[in-house]
Amino acid sequence: MSDHVSEPVKRNSEASRYEVQVDGNLAGVVEYDEHDGRIDMTHTEVSGDFRGSGIGETLAGSAIIDAVDRGLVIVPSCPFIESYLRKHPIAGAQVEWPHRG
């Protein structure tokens with residue numbers, strides 16, 4: 001986890017996103033659509049001041065581990081999530097790779 005993250009990544013089901021806060025400020029999110037036992041991770045965004053600090057990787061890893069723990073098939077539509085999964089395989093992850101162009 002990034003040294004700057006003061007709270008763990010949390011799943012906000014109402015907003016369909018994972019969130020991470022730093023010093024009480026929203027620092028980044030992974031947005032998703034969940035249905036039929038699948039979680040399509042559609043977008044990752046880190047707030048400007050926190051870019052390059054490792055928060056994106058913290059978010060991605062935590063979101064993926066949560067999905068694995070919940071038995072969901074991961075659809076990495078977000079290029080950042082796809083790249084993370086290719087670089088950091090996670091045991092037990094069921095991945096449905098998107099078809100690109």
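What follows is a walk through this predicted model, from its overall build down to a few individual residues.

Let's start with the whole chain. The protein has 2 helices and 6 strands, and if you read from the N terminus they come in the order β-β-β-β-α-β-α-β. With a radius of gyration of 13 Å, close to the 13 Å that the globule rule gives for 101 residues, the protein is as compact as a globular protein of that length. If you lay a box along the principal axes, the C-alpha atoms fill roughly 35 × 25 × 25 Å.

How much of the chain is tucked away? Buried residues make up 39% of the 101 residues. On the outside, the protein exposes about 5,700 Å², and carbon and sulfur atoms supply 44% of that area. As for how the chain meets itself, take the contacts with a separation of 6 or more: 38% of them join residues that sit 24 or more positions apart.

Now zoom in on the N-terminal strands. β1 covers residues 10-12, and β2 covers residues 17-22. These two pair in the antiparallel sense, over 3 bridges. To find the register, look at Asn12, which stands opposite Arg17 in β2. The hairpin has 4 residues between its strands, and Ser16 is the residue to check there, with a positive phi near 55 degrees. That sign may catch your eye, given that Ser16 is not a glycine. Ser16 belongs to the loop between β1 and β2 and is partly exposed, with a relative accessible area of 27%.

Carry on along β2 and you reach another hairpin. β3 spans residues 25-35, and it pairs with β2 in the antiparallel sense over 6 bridges. A handy landmark here is Glu19, whose bridge partner in β3 is Val29. This hairpin has 2 residues between the strands. One to look at in the turn is Asp23, which has a positive phi of about 50 degrees although it, too, is not a glycine. Asp23 is exposed, with a relative accessible area of 65%.

The β2 and β3 strands also share a side-chain feature. A search of the whole structure turns up 1 aromatic pair. Which residues form it, and how do their rings sit? The rings are those of Tyr18 and Tyr32, with centres 5.3 Å apart and planes at 50 degrees, so the pair counts as tilted; the tilted class lies between the stacked limit of 30 degrees and the edge-to-face limit of 60. Because Tyr18 lies in β2 and Tyr32 in β3, the pair ties together parts that are 14 residues apart in sequence. Are these two tyrosines buried or exposed? Tyr18 is buried, and Tyr32 is buried as well.

While you're looking along these strands, one general point helps with reading them: in a regular strand the side chains alternate between the two faces of the sheet.

Finally, jump further down the chain to Trp97. Where does Arg86 lie relative to Trp97? Arg86 lies over the face of the Trp97 ring, at 3.9 Å from the ring centre.

How values were computed:
Residues are numbered from 1 along each chain as its sequence is written. This is a predicted model: local features need pLDDT of at least 70, side-chain atom pairs count only at pLDDT 80 or more; totals for chains, interfaces and linings use all residues. Side-chain values use heavy atoms; hydrogens and water are left out. Rings of Phe, Tyr and Trp (its six-membered ring) pair if their centres lie within 6.5 Å; planes under 30 degrees apart count as stacked, over 60 as edge-to-face and the rest as tilted. Buried means under 20% relative accessible area, exposed over 50%, partly exposed in between (1.4 Å probe, protein chains only). A charge sits over a ring if NZ of Lys or CZ of Arg is within 6 Å of the ring centre and within 35 degrees of the ring normal. Two strands pair if DSSP finds at least two bridges between them. The radius of gyration is taken over C-alpha atoms; the globule rule is 2.2 Å times the number of residues to the power 0.38. Contact means heavy atoms within 4.5 Å. Accessible areas come from the Shrake-Rupley method with a 1.4 Å probe; for residues, only the protein chains shown count as cover.
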